[in-house]
Amino acid sequence: MKIFIPGGAGCLGTSIIDKYLPLGNEILVLDNFATGKKQNLPQIKGLTVIEGSVANTELVSKLVKEFQPKLVIHSAAAYKDPSNWKEDTETNVIGSINIAKACLENGVEKLINFQTALNYGRPDKTPIPITATSKPFTSYGISKTAGEQFLLNSGLNVISLRLANICGPRLAIGPIPTFYTRLKDGKNCFCSDSLRDFLDMEDFLDVLDIAMNKEIPTGAYNVSTGVGSSIKEVFDCVVEHLNMIAPEVPIVPVGADDVKEVVLDPSHTEKTFNWKAKYNFKQTIKKQLEWYDAYGVTDIFSHLAAPKS
Ligand SMILES: NC(=O)c1ccc[n+]([C@@H]2O[C@H](COP(=O)([O-])OP(=O)(O)OC[C@H]3O[C@@H](n4cnc5c(N)ncnc54)[C@H](O)[C@@H]3O)[C@@H](O)[C@H]2O)c1
């Protein structure tokens, strides 16, 4: 099958390519390498990588017209500078519009989108049901919400997966790589007083596989274990993994641009997809840390504006 993956050089994109390229699919990637890395994409038969932006209307239109993909997996997102509203809007809104228009013009059968839980803003309750109101308040959340709405209302067959924190190869965002790197370097850490849900990459790829291959109605779906864990629990797992004597670690209130509890309720997805996460929190974090032991941590990004240390 021909698959177009905008943002394919990123964390999720490269794991998707690792799985689907060896199965004989032909994959086209468009990436500007803002957070993804060219060297993560092998120069092998079946994979074409174009450097450029999803915000470039003519380029997206030309690529989709020439490649004629059956499936588009939209994995491009801007988030690394929370004050750069223009960049977030160009990539997350205009980019999504460009992809939707090109798909409509070329009869693309299915478009799978990835959405951040920040689209729910500060939720009224957790776990957050799929019916909860979208009320984003950060540049990333606002622009991703607008992009998702354009896609869901485009008339295309769109499945938008609203994701927990996916853990797996090349993860370079969030508390796990931060604690791992800082503790190894003998640096101080702090834990924000917050709760997150963590999902293993294999579980994510299982959901994606169902989205790709089964008849799933157009709509948005929460993808999560449904179980929240505190940032302090993540810290404790890293300390244990590194065989350290637990250092003192301050627990600080969440920053003004952060959300205290983000735990998605996956029950609607579990029923519709006939899927359930296989890995629990401890297994997921352990797999992630073993990956860092083997391959290391590269750059660490955050979409939060609050000072990191
Ligand atoms: N990984 C997660 O836990 C998670 C959670 C929620 C949502 N998401 C969503 O999943 C998608 C993939 O995220 P990821 O974790 O792989 O992040 P990532 O930063 O590793 O990947 C995003 C990719 O998009 C590329 N990109 C940025 N701006 C671009 C542009 N203008 N044109 C083309 N490419 C551009 C980046 O270079 C990068 O390769 C994003 O839409 C993100 O919002 C991910």
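Two strands count as paired if DSSP finds at least two bridges between them. With that in hand, here is a walk through this predicted model, one view at a time.

**Figure 1. The whole chain, with its nine helices and 14 strands.** The radius of gyration of the protein chain is 19 Å, close to the 19 Å that the globule rule gives for 309 residues, so the chain is as compact as a globular protein of that length. Along the principal axes, the C-alpha trace spans about 60 × 45 × 40 Å. Buried residues account for 47% of the 309 residues. If you like contact maps, here is a handy figure: among contacts between residues at least 6 apart in sequence, 81% join residues at least 24 apart.

**Figure 2. The two domains and the place where they touch.** Domain 1 takes in residues 2-166 and 199-223, while domain 2 is made of 167-197, 225-264 and 278-295. Their C-alpha centres lie 25 Å apart. Contacts between them involve 21 residues of domain 1 and 22 residues of domain 2. On the domain 1 side, the elements that give two or more residues are helices α1 (11-20) and α6 (201-213), together with strands β7 (165-167) and β10 (198-200). By class, the domain 1 side divides into nine nonpolar, seven polar and five charged residues.

**Figure 3. An open sheet of three strands, in the order β12-β9-β14.** The pairing in this sheet is mixed. At its edges are β12 (229-230) and β14 (261-262), each of which pairs on one side only. Strand β9, residues 195-196, meets β12 in the antiparallel sense over two bridges. To find the register, look for leucine 195, which stands opposite serine 230 in β12.

**Figure 4. Strand β6 between its partners β5 and β11.** Six of the six residues of β6 (residues 158-163) are buried, so this strand is largely enclosed by the rest of the structure. In a regular strand, side chains alternate between the two faces of the sheet. Here, Val158, Ser160 and Arg162 point one way from β6, and Ile159, Leu161 and Leu163 point the other way. Strands β5 and β6 pair in the parallel sense over six bridges, and β6 and β11 are also parallel, with five bridges. Isoleucine 159 makes a good landmark for both pairings: isoleucine 112 stands opposite it in one, and glycine 219 in β11 is its bridge partner in the other. Strand β11 (residues 219-223) has four of its five residues buried, so β11 too is largely enclosed by the rest of the structure.

**Figure 5. The ligand and the residues that surround it.** The shell holds 30 residues, and the closest are Gly7, Gly10, Gly36, Ala77 and Phe114. Elements that give two or more residues to this shell are α1, β2 (26-31), α3 (85-105), β5 (110-116) and β7. The shell divides into 15 nonpolar, 13 polar and two charged residues.

**Figure 6. Helix α1, which gives residues both to the ligand shell and to the side of domain 1 that touches domain 2.** Eight of the 10 residues of α1 are buried, so the helix is largely enclosed by the rest of the structure. The buried residues are Cys11, Leu12, Gly13, Thr14, Ser15, Ile16, Ile17 and Tyr20.

**Figure 7. Valine 54, in the loop between β3 (47-51) and α2 (57-67).** Is this loop residue buried or exposed? Valine 54 has 28 C-beta neighbours inside 10 Å, so it counts as buried. Leaving aside neighbours within four places in sequence, valine 54 is in contact with Pro6, Leu30, Val60, Ala76, Thr91, Gly95, Asn98 and Ile99. Threonine 218 is 164 residues away in sequence, and its C-alpha lies 23 Å from that of valine 54.

**Figure 8. Glycine 46, in the loop between β2 and β3.** With 15 C-beta neighbours inside 10 Å, glycine 46 counts as partly exposed. Beyond the residues within four places in sequence, glycine 46 is in contact with Leu21, Asn25, Glu26 and Ile27. Lysine 2 is 44 residues away along the chain, and the C-alpha atoms of lysine 2 and glycine 46 are separated by 9.4 Å.

Note on methods: Residues are numbered from 1 along each chain as its sequence is written. This is a predicted model: local features need pLDDT of at least 70, side-chain atom pairs count only at pLDDT 80 or more; totals for chains, interfaces and linings use all residues. Domain bounds come from an automatic or database domain assignment. Two residues are in contact if their C-beta atoms, placed from the backbone, lie within 7 Å. Ala, Val, Leu, Ile, Met, Phe, Trp, Tyr, Cys and Pro count as nonpolar, Asp, Glu, Lys and Arg as charged, and the others, Gly among them, as polar. The radius of gyration is taken over C-alpha atoms; the globule rule is 2.2 Å times the number of residues to the power 0.38. A residue is buried if 20 or more other C-beta atoms lie within 10 Å of its own, exposed if 12 or fewer, and partly exposed in between; C-beta atoms are placed from the backbone. A residue is near a molecule or strand if its C-beta atom, placed from the backbone, lies within 6 Å of it.
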